[in-house]
Amino acid sequence: MKIPTSRTEAAAMDARDPLANKRADFHLPENVIYLVGHSLGPPSKSALSAVKHCAEHSWAEGLVGSWNSAGWFELAKTLGGRLSKLIGADPAEIIVTDTVSVNLFKLAAAALPLSGGARQINIDKAEFPTDQYIADSFADLSDIPCHRIEPGGEMNAIASGGIYIKSAVNFRSAELMDMARYERAAGESGAIIIWDLSHATGVAPLNMHADGVRLATGCTYKYLNGGPGAPSFIYTANDWLADLHNPLPGWMGHAQPFAFKTSYEPMDDASRFASGTPPILSLTALGGALNSFDSIDIKALHAKAGSLGDLCIARAEAAGLTIASPRKAERRGGHVSIKIDNGYPITRALFARGIHTDFRTPDTIRFGLSPLYVRFTDIWDTMEALTEILETRSWDRPEFKRTEKVT
Ligand SMILES: Cc1ncc(COP(=O)(O)O)c(C=O)c1O
C-alpha cells in the first residue's frame with residue numbers, strides 16, 4: 001500500500017479504510033488522538049453498557065443467584081471460547097483468569113516436569129520485566145538456573161532445553177516473532193516455550209494450532225480493550241492437558257467445585273488453570289469489548305496496523321528520528337517505537353496537545369496503532385505535532401519534566 005505523503009492523501013486512506021466504521025464502537029474523548037491501545041485500550045460502548053447492566057441488574061437485582069442465572073459461573077470459560085477464535089485455538093483450550101504475571105508462574109510450574117534437556121529457564125534479556133521477575137523467582141524456588149539470553153542467542157538457548165519464556169511481540173521494539181520456527185526448534189530439543197501474547201492478541205495474526213504452540217498467556221487490556229486490570233488468559237494445547245498440573249489448584253479449577261470435596265480433581269480442559277473466584281465485573285467488560293471483534297479478520301487488522309506503522313515510520317524518518325522497530329510491517333506487532341533524547345518531556349508535550357503516547361525508559365516513545373479506531377490522519381497529525389515540538393523545543397519546560405508514576 002502506498003504511504004501517504006500529505007494530509008490529504010492520509011484523509012483519502014481513511015475514507016477508503018474498510019475498518020473505519022469500527023471507530024464508532026468506541027467511546028473516545030473529543031480532540032484526543034489515542035495512541036496507547038498497546039497499553040490500555042479505550043472502552044467500547046458495548047463494554048460500558050455491559051458493565052452497567054451487570055452492576056445494576058445482575059448484581060443489584062439478581063444478587064447471588066446471578067452466578068447461575070446470568071452465566072457468571074461459566075463466564076471465564078465462555079470468554080476463553082470467544083478468545084480462542086482470535087488466536088487459532090479450540091474453545092476448551094483457553095480460560096480467562098488472573099494476571100499474566102501469575103499465569104507465567106503457573107505455566108512454568110506445569111511445564112518444568114515435561115521439559116527435556118537441561119532443567120533451566122531461559123528468558124531474553126530484552127523481555128518484559130515482570131516475565132523476568134517471575135522467571136527468576138520460579139527458578140529460585142525450583143532450584144534451577146535462570147539464564148538471560150542475549151539477542152541472537154535464542155535458538156542456541158532452545159537447543160539446550162528447559163523452559164523458554166518469550167513474548168510473541170516485544171514490548172519495546174514491537175518485533176513479531178516467527179512462533180512456528182521457535183516451536184519447531186523446541187520440538188527437537190524438548191524445550192517448552194511459554195509464550196507471552198500480551199502485545200500480540202487482537203492485533204497480530206496468531207495461530208496456536210498451526211504454529212504448534214503448547215502453552216501461552218496474554219493480557220486482555222491492550223488491543224482487546226478489556227479495561228484497566230482486565231484479567232489475562234491461559235492457553236494450553238489439548239494434547240498436553242492431561243499432563244499439566246496447576247500449582248495453585250483452587251476450587252474454581254476443580255471438576256466439581258460445589259461438591260466441596262477435600263481432594264483436588266482438575267477440570268478436563270484449560271479451566272483447570274483457574275484458581276479463585278473470577279472478577280465478574282471485569283470479565284463482563286471484556287465480554288462487551290470482544291463484540292468489536294465479532295466477524296473481524298485479524299489479518300485485516302494487522303495489515304492496517306502495518307500501514308499505519310509505515311506512515312509513522314516514514315514521517316519519523318523525514319524528521320530525522322531513530323526508528324527502534326522493524327521496518328517491514330509483517331515483522332511488527334501493533335506499535336512503532338522511536339528512540340529519542342528527552343523522550344519523557346516530549347510525550348508530555350504531545351499529551352498537552354491531546355496526543356496520548358507512552359514512554360519507556362530510558363529513551364523510547366511508543367506509538368500504539370490500534371487498527372479499530374486509529375486513523376491515518378491521526379498519525380499524520382501526531383508526527384506533524386512531534387516535529388513542531390522538536391523544532392520549537394516546546395518540550396523543554398519544567399511541567400513536562402515532572403515524572404508521573406505511570407509513564
Ligand atoms: C509483555 C507483557 N507481559 C506482561 C505484562 C504484565 O501483565 P500483568 O500485569 O497482567 O501481570 C505486560 C504489561 O504491560 C506486558 O506488556
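Author: Angles under 35 degrees count as roughly parallel, over 145 as roughly antiparallel, 65 to 115 as roughly perpendicular, and the rest as oblique. The structure is a predicted model, in which local features need pLDDT of at least 70 and side-chain atom pairs count only at pLDDT 80 or more, while totals for chains, interfaces and linings use all residues. Residues are numbered from 1 along each chain as its sequence is written, and side-chain values use heavy atoms, leaving out hydrogens and water.

Reader: Happy to start there! Why are helix 2 and helix 11 called oblique to each other?

Author: The axes of helix 2 (residues 45-59) and helix 11 cross at roughly 140° and come within 7 Å. That angle falls outside the ranges for the named directions, so helix 2 and helix 11 are oblique to each other. Axes here are lines fitted to C-alpha atoms, for helices over the stretch in contact, and angles run from 0 to 180 degrees between N-to-C directions. The helices themselves are DSSP runs (H or I, at least four residues; strands are E, at least two), numbered from the N terminus.

Reader: What is the hand of the crossing of helix 2 and helix 11, and which residues make the contact?

Author: Helix 2 passes helix 11 in a right-handed crossing (the near helix is turned clockwise from the far one by less than a right angle; anticlockwise would be left-handed). S46, A47, A50, V51, C54, A55 and W59 of helix 2 touch I280, L281, T284, A285, G288 and A289 of helix 11, where contact means heavy atoms within 4.5 Å. By class, this contact of helix 2 with helix 11 has 10 nonpolar, three polar and no charged residues. Ala, Val, Leu, Ile, Met, Phe, Trp, Tyr, Cys and Pro count as nonpolar, Asp, Glu, Lys and Arg as charged, and the others, Gly among them, as polar.

Reader: What else does W59 touch?

Author: Leaving aside residues up to four places away in sequence, W59 touches C54, S66, W72 and L281. W59 sits in helix 2, and its C-alpha atom is 9.2 Å from that of A70, 11 residues apart along the chain.

Reader: What makes helix 4 roughly parallel to helix 11?

Author: The axes of helix 4 (residues 75-87) and helix 11 (residues 280-290) cross at roughly 30° and come within 10 Å. That angle is under 35 degrees, so helix 4 is roughly parallel to helix 11. Their crossing is left-handed. L75, A76, L79, R82, L83 and L86 in helix 4 meet I280, L283, T284, L286, G287 and L290 in helix 11. The contact of helix 4 with helix 11 has nine nonpolar, two polar and one charged residues.

Reader: Why are helix 12 and helix 14 also called roughly parallel to each other?

Author: Helix 12 (residues 298-318) and helix 14 (residues 376-392) pack at about 20°, with axes 10 Å apart. Being under 35 degrees, this angle makes helix 12 and helix 14 roughly parallel, so they carry that name. Helix 12 passes helix 14 in a right-handed crossing. In helix 12, K304, S307, L308, L311, C312, R315 and A316 meet F376, I379, W380, M383 and E384 of helix 14. This contact divides into eight nonpolar, one polar and three charged residues.

Reader: Turning to the ligand, how do you know that D131 makes a polar contact with it?

Author: A polar side-chain atom of D131 lies 3.4 Å from a nitrogen atom of the ligand, and a polar contact is a pair of N or O atoms within 3.5 Å. A polar side-chain atom of S101 is 2.5 Å from a ligand oxygen atom, and one of H199 is 3.1 Å from a ligand oxygen atom. The residues around the ligand (with a heavy atom within 4 Å of it) include T99, F128, S167 and K222.

Definitions and conventions: Polar contact = N/O pair within 3.5 Å; in protein donor to acceptor, adjacent residues only side chain to side chain.
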